[in-house]
Amino acid sequence: MAEVTPSGSGGPIHLTGPAVDGSLQIRGGVGGISFQLEELIGGAEKLDAAADELAAVEVEVRRIWEDLCPYQNEPRPTGTAALMDVGEAQRSIQAVRTELQHISQQVRQCKTDYEAAEAWASLSRGMGAGLANPDTLARQAGDAWLGRVPNREVAELATGPIAMGALLALSPERFFMAIGADLAAGRHIAAAVPLLTGLGGRSISILKPRPVTLERQETLPIEFDGSPAALLERTRIINERGEGYIEVIEVDNGGQNAYVVVVPGTQSAGDDLGGDNPFDEAGIAEGLGHGSAEINKAVLRALQEAGAEKGAPVVAVGYSQGGIHAMNLAADELFLNQYDVKYVLTAGSPVGGIPPAAGVSTLHLEHRQDWVPGGDATPGPDTRDRVTVTLNQPVRTPEGEDGGLGPGHNLTNYQDGARLVAASDDPSLVASTAVLGGVLGAGGTATATRFALTRSKPPPMPTPPRPSEIDRAR
């Protein structure tokens with residue numbers, strides 16, 4: 001906890017960092033530090049405006065006093081007394097105006113001191129050793145690596161290349177061995193470059209976006225629940241439908257139709273990396289490196305085929321890689337020219353570096369034992385409309401199950417966290433879930449339409465010249 005004393009404030013300000021509600025750590029939203037600082041400066045501006053109005057009144061009262069001066073020799077009730085009363089009124093207005101200006105200065109100084117304390121706290125967290133007590137350092141050293149995977153904080157320290165290499169999961173064994181070697185040598189984590197370059201020329205074609213075709217499959221009625229946990233369950237359902245599927249849900253909210261776009265997580269390609277499934281590991285590269293351009297076009301067509309009218313409100317939901325694509329919808333001008341993205345929900349997704357359009361509310365769930373959300377090395381910003389929730393409850397991989405990317409990345413654990421979010425009385429979470437409920441209503445029967453997405457084939461690799469052709473070129 002940082003402590004600062006604003007100039008002239010007469011007392012310290014205590015900064016506790018992100019809000020905590022049980023196992024939830026909440027950053028951003030209406031309870032976030034950035035929003036509170038915005039409120040402070042907004043309050044200071046209102047004080048300044050009031051002081052300016054009083055200054056104008058003060059000038060007018062002074063003019064009246066000057067106009068009364070010739071009457072000071074008149075009988076006291078209409079002369080001296082009136083002159084004294086007006087003069088006293090001017091001094092009172094001046095005193096109030098001066099006090100408002102002083103308060104405004106104090107509020108602005110508070111904002112400056114808050115920002116300085118936050119900067120110092122961030123520096124302290126970054127430097128680590130020497131700025132934390134021994135117990136904290138011991139805990140950090142012990143749980144920076146959780147089993148065979150790093151935690152979220154370690155991932156956020158990574159550079160872009162390592163994030164991409166890790167997320168592509170080109171070789172988990174080589175990845176973790178390389179990280180361990182770099183850490184043991186005292187170097188910054190930068191192990192993903194050889195993983196990417198090891199692909200050689202093939203990476204050039206498989207990691208570039210390619211057109212995605214769309215085919216409507218089935219439309220069916222469903223019982224709809226618009227809670228965060230239930231929306232994440234839709235990502236499980238569409239993932240189980242098969243590779244390359246998305247879902248568009250039409251919801252009747254009091255006579256106005258709203259639409260939910262559901263995008264699954266990464267679907268492993270095996271030996272067919274960069275094949276026809278746009279949600280394989282290469283899809284992460286398209287999302288983080290190319291703004292999900294081709295996926296966005298496919299989702300736009302899916303909404304149109306599902307009957308969504310231009311300007312209809314949209315909620316985008318995605319787990320893991322799906323969260324990247326969901327956030328990119330909220331940042332795509334072409335998409336936003338057609339539909340009104342109101343809300344984005346992500347779980348276990350590296351989306352800190354994707355800025356949504358102004359006015360889009362977003363809720364991001366991260367687990368401390370999940371390195372994937374930190375894979376883009378960018379923490380979620382603390383803004384009014386953007387809330388990031390870190391789940392801190394310890395989780396383990398059930399006996400006999402594949403550990404995958406670690407227990408923190410398990411969708412079921414994120415659903416458990418989403419239920420805690422819905423039950424929380426934290427002001428940022430209450431405001432965020434209220435926006436979601438306002439768009440989708442209380443739930444009931446809805447219509448779900450599934451679409452199959454197919455990535456086009458990559459261009460053929462150029463045939464290397466035969467030795468005889470090289471000789472002729474010489």
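## Close-up views of the sheet, its cores and its salt bridges

**Figure 1. Val20 has Gln25, in β4, as its bridge partner.** The strands concerned are β3 (19–21) and β4 (residues 24–28), which run antiparallel and are joined by three bridges. Two strands are taken as paired if DSSP finds at least two bridges between them; helices (H or I, at least four residues) and strands (E, at least two) are DSSP runs numbered from the N terminus. The model is predicted, so local features need a pLDDT of at least 70 and side-chain atom pairs count only at pLDDT 80 or more, whereas totals for chains, interfaces and linings use all residues. Residues are numbered from 1 along each chain as its sequence is written, and side-chain values use heavy atoms, with hydrogens and water left out.

**Figure 2. Ten strands form an open sheet with mixed pairing.** Their order is β3-β4-β13-β12-β11-β10-β9-β8-β14-β7. At the edges stand β3 and β7, each with a single partner strand, so one side of each has no neighbour in the sheet. Neighbouring strands are turned by 20 degrees against each other on average, direction ignored; axes are lines fitted to C-alpha atoms, for helices over the stretch in contact, and angles between N-to-C directions run from 0 to 180 degrees. In the whole protein, there are 16 helices and 14 strands.

**Figure 3. Helices α9 and α15 pack against strands of the sheet.** Helix α9 (residues 228–241) lies across β7, β8, β9 (256–263), β10, β11 (340–347), β12 (361–367) and β14, and runs at about 140 degrees to β8. Helix α15 (residues 427–440) touches β4, β7, β8, β9, β10, β11, β12 and β13 (386–391), its direction making about 125 degrees with that of β11.

**Figure 4. Strand β13 is covered on both faces.** Six of its six residues are buried, so β13 is largely enclosed by the rest of the structure; buried means under 20% relative accessible area, exposed over 50%, and partly exposed in between (1.4 Å probe, protein chains only). Arg386, Thr388 and Thr390 belong to one side of β13, and Val387, Val389 and Leu391 to the other. Five bridges pair β13 with β4 in the antiparallel sense, with Ile26 opposite Val389. The pairing of β13 with β12 is parallel, over six bridges, and Leu363 has Val387 as its bridge partner.

**Figure 5. Val260 and Val389 have the most contacts inside the largest nonpolar core.** This core has 36 residues; a nonpolar core is a set of buried Ala, Val, Leu, Ile, Met, Phe, Trp, Tyr and Cys residues joined through side-chain atoms within 4.5 Å. Apart from it lies another core, of 34 residues, among them Val263, Val299, Ala306 and Val360. Residues touched by Val389, leaving out those up to four places away in sequence, include Leu24, Ile26, Leu365, Val421 and Leu429; a contact means heavy atoms within 4.5 Å.

**Figure 6. Val315 lies in strand β10 (residues 313–319).** Val315 is buried, with a relative accessible area of 0%. Beyond its neighbours within four places in sequence, Val315 is in contact with Tyr259, Val260, Val261, Tyr343, Leu436, Val439 and Leu440. The C-alpha atoms of Val315 and Leu436 are separated by 8.0 Å, although the two residues are 121 residues apart along the chain.

**Figure 7. Arg450 in β14 has a glutamate opposite it in each of two pairings.** Strand β14 (residues 444–455) pairs in the antiparallel sense with β7 (residues 212–224) over 12 bridges, and there Glu218 stands opposite Arg450. Strand β8 (residues 245–253) also pairs with β14 in the antiparallel sense, over six bridges, and Glu247 stands opposite Arg450.

**Figure 8. Glu294 forms a salt bridge with Lys297, and other charged residues join in a network.** A salt bridge is a side-chain nitrogen of Lys or Arg within 4 Å of a carboxyl oxygen of Asp or Glu; for Glu294 and Lys297 the closest N and O atoms are 3.7 Å apart. Both residues lie in helix α11 (residues 293–305), three residues apart, about one turn of the helix. Glu294 is buried, with a relative accessible area of 15%, whereas Lys297 is partly exposed at 37%. Glu218, Arg234, Arg241, Glu247 and Arg450 are joined into one network by salt bridges that share partners.
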